[in-house]
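Please look over the chain displayed below before reading the report, and keep it in view while the report goes through its parts one by one.

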Amino acid sequence: MTKTKKIVLRVVSIVLAVILVAMIVLVSVFFGIWHNEFSTVTSFKMLRDRNDAHKDGAVYTMKVSGGFYFDDFLDQGGVKNDPELIAFISNKITRGLMDMGIKESDIGCASFTAVAENGDKLFARNYDFAKTNVCLTLTDPGKGRHASFSTVDLNFVGMDTEKNVEGLMNKITCLAAPFTPLDGINDAGVSCGIYMTYQGEPENNNAVATDQNDPNKPDITSTTMLRMILDYADDVDEAVELVKKYNLHDSANTSFHYMVADSTGKSAILEWVAAGETDETDNDGTKRELVVTYNTGDENIGEAEGSSDFQWITNFIILPGYYASDDDKPGVDRYNQIYSDLSATNGIVKDEWAAMDILKTVGRRSWGEGNGCTVHSVVYNLTKKTALWVSNENFNDSTAIYQYSLATKQLKSVSRKA
């Protein structure tokens, strides 16, 4: 080998070494900055494919690594609206390299609490909407925050309802999922859900959003309030105290109320209503104040509520005098059906499947409501810290039924017991 060839080979070797070192440095920097996001994205997987004929979207799961910046979110004083939330998530998760979307829409749902024959405390929920993809979102942020299981409608983070979630960019966008739970349970046995209330009579929409503006309070939006409860609340009382500290800003010109329950059997319905207002006049979301109704003190609502240890909710404000008549209450028929089913056994059901049967009676297909569907039904066992989850009223299809345990961190398919 000539001296010139040796020099060329040495130069090439040095250049390749420099390139290799540079690549290692870049990979190290990338992994150092985005290692939690990388781990989360790689955990995103399909559990069940879509079935358009049955209005079933695909079902996914995602194990979220790290704290997904929620402490930072609260430390900065929260946000007042969805655009601010989108900006926060985009800046934190992608360092501003890509935009991420969040939206909300009409949610017509139902929930109730019950006690199993063995004494376990249960929280059951139907999510009624339209065909959409969902993600069973698993978080364990540590640092004093609770691990949780929650259901996320991926339409709310911008995923096309008519397509499966494919491609790296779509999966990266799904990193916003922890900020948009619709219901869930944490490892302290606290569960919560969100439900539309259709408050007010706006000219061009179907609801007036709650939009509190106390200058002495930080701000929070609908789904991030649920995330706060799941991450930080040890029980119902602590959940209520957390919520009281914030201005609530319901999103996308819609209005909501919420139900929260814990493993002691205590539950509460959280509503925002302006004093003295009715369904026809409640048109200023800035005037609304939080009203908390506990299952242990709801005699003011009605005789049925006052005589029941369990609590239930659909889509109307439960405070007396808000509506001119029952005909004006959205979801009152489902509300009455749930009470009829539960009161027959004094709020005691055999097990989670018996609670699921009550959800079945008020599902969209069973009830014959509109062209939508019941996207999912879930029964949270607040005693055992488990979730029994069914996709789109497929109650007897083992490929559509999942169980998650916060104790074992295991998600598995299950079949209905005989």
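## The largest cavity

The residues that line the largest cavity divide into 6 nonpolar, 4 polar and 3 charged, and together they make up a lining of 13 residues. Among these, Gly 57, Thr 132, Val 375, Ser 391 and Asn 392 lie nearest the centre of the cavity. The space inside the largest cavity is about 50 Å³, and a search of the whole structure finds 1 cavity of 30 Å³ or more. As background to such a search, rolling a probe the size of a water molecule over the atoms shows where empty space is left.

Asn 392, one of the residues nearest the centre of this cavity, sits in the loop between strand S17 (386-391) and strand S18 (401-405). Asn 392 counts as buried because its relative accessibility is 2%, which falls under the 20% cut-off.

## Confidence and overall make-up

This is a predicted model, and the mean pLDDT of the chain is 89, with 86% of its residues reaching 70 or more. Residues 20-32 need more care from the reader, since pLDDT stays under 50 over them, and for these residues the model has 2 contacts beyond four places in sequence.

The secondary structure of the chain comes to 10 helices and 19 strands, and 53% of the 418 residues count as buried. Among the contacts between residues at least 6 apart in sequence, 68% join residues at least 24 apart.

## An enclosed helix

How many residues of helix H5 are buried? In this helix, which covers residues 222-232, 11 of the 11 residues are buried, so helix H5 is largely enclosed by the rest of the structure. The buried residues of H5 include Arg 227 and Asp 231, as well as Met 225, Leu 226, Ile 229 and Leu 230.

## Two cysteines without a disulfide

A disulfide is a covalent bond between the sulfur atoms of two cysteines. In this model the count comes to 0 disulfides. Cys 135 is in no disulfide, and its nearest cysteine sulfur, that of Cys 174, is 6.6 Å away, whereas a disulfide would need the two sulfur atoms to be within 2.5 Å. Cys 174 is likewise in no disulfide, with the sulfur of Cys 135 as its nearest cysteine sulfur.

Are these two cysteines buried or exposed? Cys 135 counts as buried because its relative accessibility is 0%, and Cys 174 is also buried, with a relative accessible area of 0%.

## Two loop residues with positive phi

Lys 55 is found in the loop between strand S1 (45-48) and strand S2 (59-64), and its phi is near 60°, a positive value in a residue other than glycine. Lys 55 is partly exposed, because its relative accessible area is 32%. Asn 392, already met beside the cavity, has a phi near 50°, again a positive value in a residue other than glycine.

## Leu 411 and its contacts

Where in the chain is Leu 411 found? Leu 411 is part of strand S19, which covers residues 410-413, and this leucine counts as partly exposed because its relative accessibility is 25%.

If its neighbours within four places in sequence are left aside, Leu 411 is in contact with Leu 47, Thr 61, Leu 136, Tyr 402, Gln 403 and Tyr 404. Leu 411 and Leu 138 are 273 residues apart in sequence, while their C-alpha atoms are 9.5 Å apart in space.

Conventions
Residues numbered from 1 in each chain as written. Predicted model: local features only at pLDDT ≥ 70, side-chain atom pairs only at ≥ 80, totals over all residues. Heavy atoms only, no water. pLDDT = per-residue confidence, 0-100. Contact = heavy atoms within 4.5 Å. Helix = DSSP H or I, 4+ residues; strand = E, 2+ residues; numbered from the N terminus. Buried < 20%, exposed > 50% of the residue type's maximum accessible area, 1.4 Å probe, protein only. 1 Å grid on protein atoms, 1.4 Å probe; cavity = no way out; pocket = protein on both sides within 12 Å on 5 of 7 lines; lining within 4 Å. Points joined across faces, edges and corners; volume = space filled by probe spheres on them. Nonpolar A, V, L, I, M, F, W, Y, C, P; charged D, E, K, R; others polar.
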